[in-house]
Structure formats: C-alpha cells, structure tokens
Amino acid sequence: MQHSIWMYLLVMSAVTLAIRILPLTLIRRQIKSRFVRSFLFYVPYITLAVMTFPDILHATQTPISGLLALVVGATLAWFGASLFKVSAFCCVVVFLAERFLV
Amino acid sequence: MVSLNKSGLLRTHGQALQEGIRDGMPIALGYFVVAFTLGIAARNAGLSPFQGFLASFFNNASAGEYAAFTVIAADSPYLEMALITLVANARYLLMSCVLSQRFAPDASIWHRIFVGFDVTDEIFGISAARPAPLDPYYNYGAMSVALPGWSVGTALGIVAGNALPAAAVSALSVALYGMFLAIIIPPARVNRVVGAFVALAFVASFAASTLPVLSELSGGTRTILLTVLLAGIAAVKYPRDE
C-alpha cells in the first residue's frame with residue numbers, strides 16, 4: 001500500500017465537510033428569485049422520494065417484503081402516524097413477512 | 001443542567017433539543033445497522049476500528065463512504081478519492097442550499113457550521129420538514145444520537161463483522177425509508193403539486209434505475225439529476241407565492 005489511510009481520511013472528510021458547510025455559510029441572505037425559492041421548496045420532497053423508491057425494494061432480503069413496507073409505511077404516514085411509528089412498523093412488517101418469504 | 005437552565009438555553013431551546021433527540025432515535029437505529037454493514041467494507045479496505053470511527057464521524061454518508069473505502073482498498077490516487085467523494089456526496093450541496101434559506105438571516109456562523117457538519121439525507125429530511133426558521137438545537141438533538149449510532153456502528157462492524165443475523169439487518173434497514181415516507185407523504189396529501197411530483201419522482205426513479213445509460217450512473221448521481229430536473233419543472237410550472 002503506497003498511500004496512507006490517514007491521508008485518505010483527511011481528503012474524504014475535507015471534501016464532504018466543504019460540500020455540506022459552504023452553502024450554509026456562504027448563502028447568508030434570503031434568496032429573492034421566485035424560481036429559486038420554489039425550486040428549493042420542492043427539493044426535499046422530490047429528493048427523498050427519489051431515494052426511497054425503488055431502493056426500498058433492494059434493501060430487504062426479498063423485494064416483496066420491501067414493497068409491503070412501502071405500502072404499509074405510506075398508508076400509516078397518509079393517516080398521520082408519527083415518524084417513529086411509521087419507521088418501526090416498516091421494520092416489523094419486513095421482519096414478519098420474511099418469516100414466510102425467506 | 002442547572003446552570004444551563006439559568007442561562008436560559010434550555011428554556012428557549014430545550015423543547016427543540018428534545019424533539020431532535022426523539023426524531024433522531026429511529027435515525028440512530030437505522031444508522032447503526034447500516035453502519036455495521038459498512039464496517040465490513042471498511043475492514044476489507046484495511047481500516048482499524050478507530051479509523052472507521054473517524055471516517056464515519058466526519059463523513060456520515062453511506063454511499064460516499066462505501067465509495068471511499070473502495071478507493072482505499074484499490075490504493076488509488078488521492079485525487080480520485082477527492083473526485084469520488086465529491087460526486088457521491090454532491091446532493092448535500094443542494095440540501096445545504098435549502099437549509100441556508102431556513103435559517104434566520106442573523107443566525108450565527110457557528111450554528112451554520114455545526115448544522116452543516118451533519119447534513120445527511122435523514123437529518124436534512126426531518127429538519128426541512130419543520131417550519132422555518134430552523135432551530136439549530138433541533139439538529140443538535142438529532143445529531144447527538146445519530147452521529148454516535150453511525151460512527152460507533154462502523155467501528156463495531158469492523159470489529160465484529162457479520163455478527164448481526166440477516167433477518168435483523170433486513171428488517172432494520174427499512175427504518176430509514178419508513179422515515180422518508182413519514183416526511184413526504186403528509187405534505188403530498190395536503191399539497192397536490194407536491195403529491196404529483198412525489199408520485200412522478202417514484203416513477204422516474206424506478207425508470208432511471210432500469211434504463212440503459214442512467215442505470216450505470218451511481219445512485220447519488222441519479223438522485224441529483226432527477227431532483228434538479230423534477231424540482232426545476234415544478235418550480236417553472238408551479239411557482240410558489242410567498
């Protein structure tokens with residue numbers, strides 16, 4: 001091994017922290033542009049949706065248990081269940097389903 | 001605690017701190033499990049448990065760290081490490097921009113730095129779901145449980161390897177997705193545009209994961225492309241009135 005693991009850690013951490021901290025510290029004022037404000041409003045929902053599906057199908061041992069978790073979680077969230085409840089029920093659904101599926 | 005109470009910090013921010021810890025618990029649990037498996041990749045790359053702890057404490061990014069560990073395992077140049085980390089984590093740039101608008105304009109630079117330190121998919125999700133202005137103590141509460149869950153999980157994964165049964169890993173790995181659903185579904189129900197674009201995002205993301213060229217991109221890159229595209233369309237067609 002020619003490279004130092006410590007140096008690798010330094011490089012990766014510096015890049016990650018710069019990405020996370022620079023916009024927050026450099027953009028100090030409220031952005032006036034209606035387009036940018038609207039864009040930033042929609043980003044959280046769209047990006048979390050993109051990350052959820054279809055990835056949830058590959059996170060579990062079988063795609064069916066992931067799909068069940070998606071349906072149960074979305075239904076619970078629709079009727080206003082808390083963050084913790086939705087999250088916990090998704091886990092329980094997968095655990096129970098895989099006792100039959102795997 | 002008493003002195004904090006006297007200074008008023010807990011009186012004004014205690015509630016936010018508590019709520020952050022509460023909402024951070026499922027994150028910490030999910031992180032612990034994912035980090036445990038990430039630790040296996042770190043061990044294969046030759047990291048000690050302490051190095052794994054540091055990598056996870058300062059990066060707190062699953063795909064980004066996984067990609068970085070493959071760079072270490074391959075003994076690639078430092079420049080490649082910088083580029084891969086940049087690409088895998090670029091979506092945090094977007095999230096940091098969103099959060100910059102949630103802060104009160106006069107919020108101190110230190111709060112901005114410390115909140116920025118741990119902008120993850122999940123912590124971004126729960127803090128963006130709260131009404132503005134953002135109370136940094138909510139983020140600190142969530143970070144105080146999520147960050148140890150992630151970094152200690154990685155270290156233990158390096159030590160213990162495959163000790164967790166597959167059924168437990170599988171079940172707990174949906175905790176984070178469950179949380180995403182709890183964040184996006186309620187506003188999707190209330191706001192039709194958000195609802196339509198959440199549905200559209202599901203469809204587009206599924207399509208992109210199967211289409212020839214797009215499916216070869218990393219998950220992080222696909223996430224950025226689709227987010228910028230769809231949020232751009234939404235902002236042009238359905239601009240928000242303040």
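Me: What makes a residue of chain A buried, and what share of its 102 residues is buried?

Reply: A residue is called buried because 20 or more other C-beta atoms, placed from the backbone, lie within 10 Å of its own (12 or fewer make it exposed, and anything in between partly exposed), and 47% of the 102 residues in chain A are buried. This is a predicted model, in which local features need pLDDT of at least 70 and side-chain atom pairs count only at pLDDT 80 or more, while totals for chains, interfaces and linings use all residues. Residues are numbered from 1 along each chain as its sequence is written, with chains lettered from A and ligands numbered from 1 in the order of writing.

Me: How do you know whether chain A has the radius of gyration of a compact globule?

Reply: The rule, 2.2 Å times the number of residues to the power 0.38, with the radius taken over C-alpha atoms, gives a value near 13 Å for a compact globule of 102 residues, whereas chain A has 20 Å. The C-alpha atoms of chain A occupy a box of roughly 50 × 50 × 20 Å along the principal axes.

Me: Why is the pattern of chain A written with α, and how many helices and strands are there?

Reply: Helices are DSSP runs of H or I with at least four residues, and strands are E runs of at least two, both numbered from the N terminus; chain A has 5 helices and 0 strands, so its pattern reads α-α-α-α-α.

Me: What makes residues of chain A and chain B count as being in contact, and how many does each chain give?

Reply: Two residues are in contact if their C-beta atoms, placed from the backbone, lie within 7 Å, and by that test chain A contributes 64 residues and chain B 83. On the side of chain A that touches chain B, the largest share, 18 residues, comes from α2(A). That side has 43 nonpolar, 15 polar and 6 charged residues, where Ala, Val, Leu, Ile, Met, Phe, Trp, Tyr, Cys and Pro count as nonpolar, Asp, Glu, Lys and Arg as charged, and the others, Gly among them, as polar.

Me: How are α2(A) and α12(B) placed with respect to each other?

Reply: The axes, lines fitted to C-alpha atoms over the stretch in contact, with angles from 0 to 180 degrees between N-to-C directions, come within 8 Å and cross at roughly 35 degrees for α2 (residues 34-52) of chain A and α12 (residues 192-210) of chain B. Among the residues making this contact are Tyr42(A) and Ile46(A) of α2(A), and Phe197(B) and Ser205(B) of α12(B). By class, the contact has 10 nonpolar, 1 polar and no charged residues.
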